[in-house]
Amino acid sequence: MIPKAELHCHIEGAAAPELVLRQAEKYGADVSAFIREGAYHWHDFTSFLKAYDGAAGLFRTPEDYALLAETYLCELAGQGAIYAEFFTSPDHAERIDLSARSYTEGLAEGMRRARETTGIEARMIVTGVRHVGVEAVEKAALFAAQCGHPLVTGFGMAGDERIGHSRDFARAFDIAREAGLGVTVHAGEFGGPESVEAALDTLRPARIGHGVRAIEKPALVERLSAEGVVLEICPVSNMVLGVFPDLAGHPFPALYDAGCKVTLNSDDPPHFRTSLGYEYEVASRHFGLDEEALAGITRTAVEAAFVDEPTRSALL
Ligand code: ADE
Ligand code: ZN
């Protein structure tokens, strides 16, 4: 099996319907609005975010989050993953009155268990949710900067990129960068090339979540390649959310051929009926990457990982 690495997965979005159904039973909740016949149901980005929030609301204790992280990471290791970074969202935890610290410690316990059973190495990227607002994103950045947890190594921003301007979030990203965290931001998914440019100019991320709509502006593709900005590409997510009509129209091969640093990721795997293993399969079958090229994608991800140098060297 080709060794794999994931840089872009939202932990709440990685909750399999079976696990969410068990949590619903535990808390006596009705999930029929977004899970039917054992699968997630939603119809557009906004209703996807609602389903995501509905599932997230059923993880309420540190042990619930430990189980979520352990389940995701063990499954990923089974697909050949040696390394994973996932996005955490203290905003979601606070909605159910769990402190950011307890939430993070719960997830860390799940990471410890998964590492013990499978050897998978993992780190957390604290995210702010853009459409929740500037204040909440700054609060998430402050937590990331000050929590001192050794497994929190990055800061990012997810949510609806069509809301607000990147510059509004510059302070949050400065806080994170100055604390020595790796920085990534979702851009160029539902926003066009101007959204990627604004993110680069105002937030100075080392990596961009998605970034795929940069393809609409050749000068931007050149810039991404020249500056070595790493793209966390999620092909199946883009297809299912309608960013591109089909895999044949996906810009992954064009970005790869243009010399951009590209990686393969699953984003919110059960929502999109994907997995990291399937993303690598897609790259092989639809984008023509052979085993050597796929191993190169994993190397790019490990090189771009928000991880200490001894750990990176051990993974390479
Ligand atoms: N949060 C979870 N998945 C997301 C996505 N694909 N884009 C933006 N925010 C998200
Ligand atoms: Zn994402």
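Reader: Which residue stands opposite Ile-125 in strand 6?

Author: Gly-154 is the residue opposite Ile-125. This is a predicted model, in which local features need pLDDT of at least 70 and side-chain atom pairs count only at pLDDT 80 or more, while totals for chains, interfaces and linings use all residues. Residues are numbered from 1 along each chain as its sequence is written, chains are lettered from A, and ligands are numbered from 1 in the order in which they are written.

Reader: Why are strand 5 and strand 6 called a pair?

Author: Two strands pair if DSSP finds at least two bridges between them. Strand 5 and strand 6 (residues 152–158) have 6 bridges, in the parallel sense, so the criterion of at least two is met. Strands themselves are DSSP runs of E with at least two residues, helices are runs of H or I with at least four, and both are numbered from the N terminus. The protein has 14 helices and 10 strands by this rule.

Reader: How do you know which partner strand 5 has on the strand 4 side?

Author: Strand 4 and strand 5 pair over 6 bridges in the parallel sense. Tyr-83 faces Glu-121 of strand 5, and Thr-88 faces Val-126. Strand 4 also pairs with strand 1, in the parallel sense over 3 bridges, with Lys-4 opposite Ala-81.

Reader: What makes strand 4 count as largely enclosed?

Author: A residue is buried if 20 or more other C-beta atoms lie within 10 Å of its own, exposed if 12 or fewer, and partly exposed in between, with C-beta atoms placed from the backbone. In strand 4, 7 of the 8 residues are buried, so the strand is largely enclosed by the rest of the structure. Strand 5 (residues 121–129) is mostly covered too, with 8 of its 9 residues buried. Over the whole protein, buried residues are 52% of the 316.

Reader: Why are strand 1 and strand 10 said to stand at the edges?

Author: The sheet is open, with 8 strands in the order 1-4-5-6-7-8-9-10 and parallel pairing. Strand 1 (4–6) and strand 10 (261–264) each have a single partner strand, so one side of each has no neighbour in the sheet. Neighbouring strands of this sheet are turned against each other by 25° on average, direction ignored. For strand 10 the pairing with strand 9 (residues 230–233) is parallel over 4 bridges, and Val-230 has Lys-261 as its bridge partner.

Reader: What lies across strand 10, and at what angle?

Author: Helix 13 (residues 291–304) runs at about 105° to strand 10, and lies across strand 1, strand 4, strand 8 and strand 9 as well. The angle, on a scale from 0 to 180 degrees, is taken between the N-to-C directions of lines fitted to C-alpha atoms, for helices over the stretch in contact.

Reader: What makes Leu-7 buried or exposed?

Author: Leu-7 has 29 other C-beta atoms within 10 Å, so it is buried. Its place is the loop between strand 1 and helix 1 (17–27). Two residues are in contact if their C-beta atoms, placed from the backbone, lie within 7 Å. Apart from neighbours within four places in sequence, the contacts of Leu-7 include Glu-85, Arg-207, Glu-232 and Ala-301.

Reader: What is notable about phi in Asp-97 and in His-210?

Author: Most residues other than glycine have a negative phi. Asp-97 has a positive phi of about 65°, and phi of His-210 is near 75°. Asp-97, in the loop between helix 4 (90–95) and helix 5 (100–118), has 8 C-beta neighbours inside 10 Å and therefore counts as exposed. His-210, in strand 8, has 27 and is therefore buried.

Reader: How do you know which residues are around ligand 1?

Author: A residue is near a molecule if its C-beta atom, placed from the backbone, lies within 6 Å of it. The residues that qualify for ligand 1 include His-10, Tyr-52, His-186, Glu-189, Asp-267 and Asp-268. The shell divides into 2 nonpolar, 5 polar and 3 charged residues. Here Ala, Val, Leu, Ile, Met, Phe, Trp, Tyr, Cys and Pro count as nonpolar, Asp, Glu, Lys and Arg as charged, and the others, Gly among them, as polar.

Reader: Why does the radius of gyration agree with a compact globule?

Author: The rule is 2.2 Å times the number of residues to the power 0.38, with the radius taken over C-alpha atoms. For 316 residues a compact globule would be near 20 Å, and the protein has 18 Å, which agrees.
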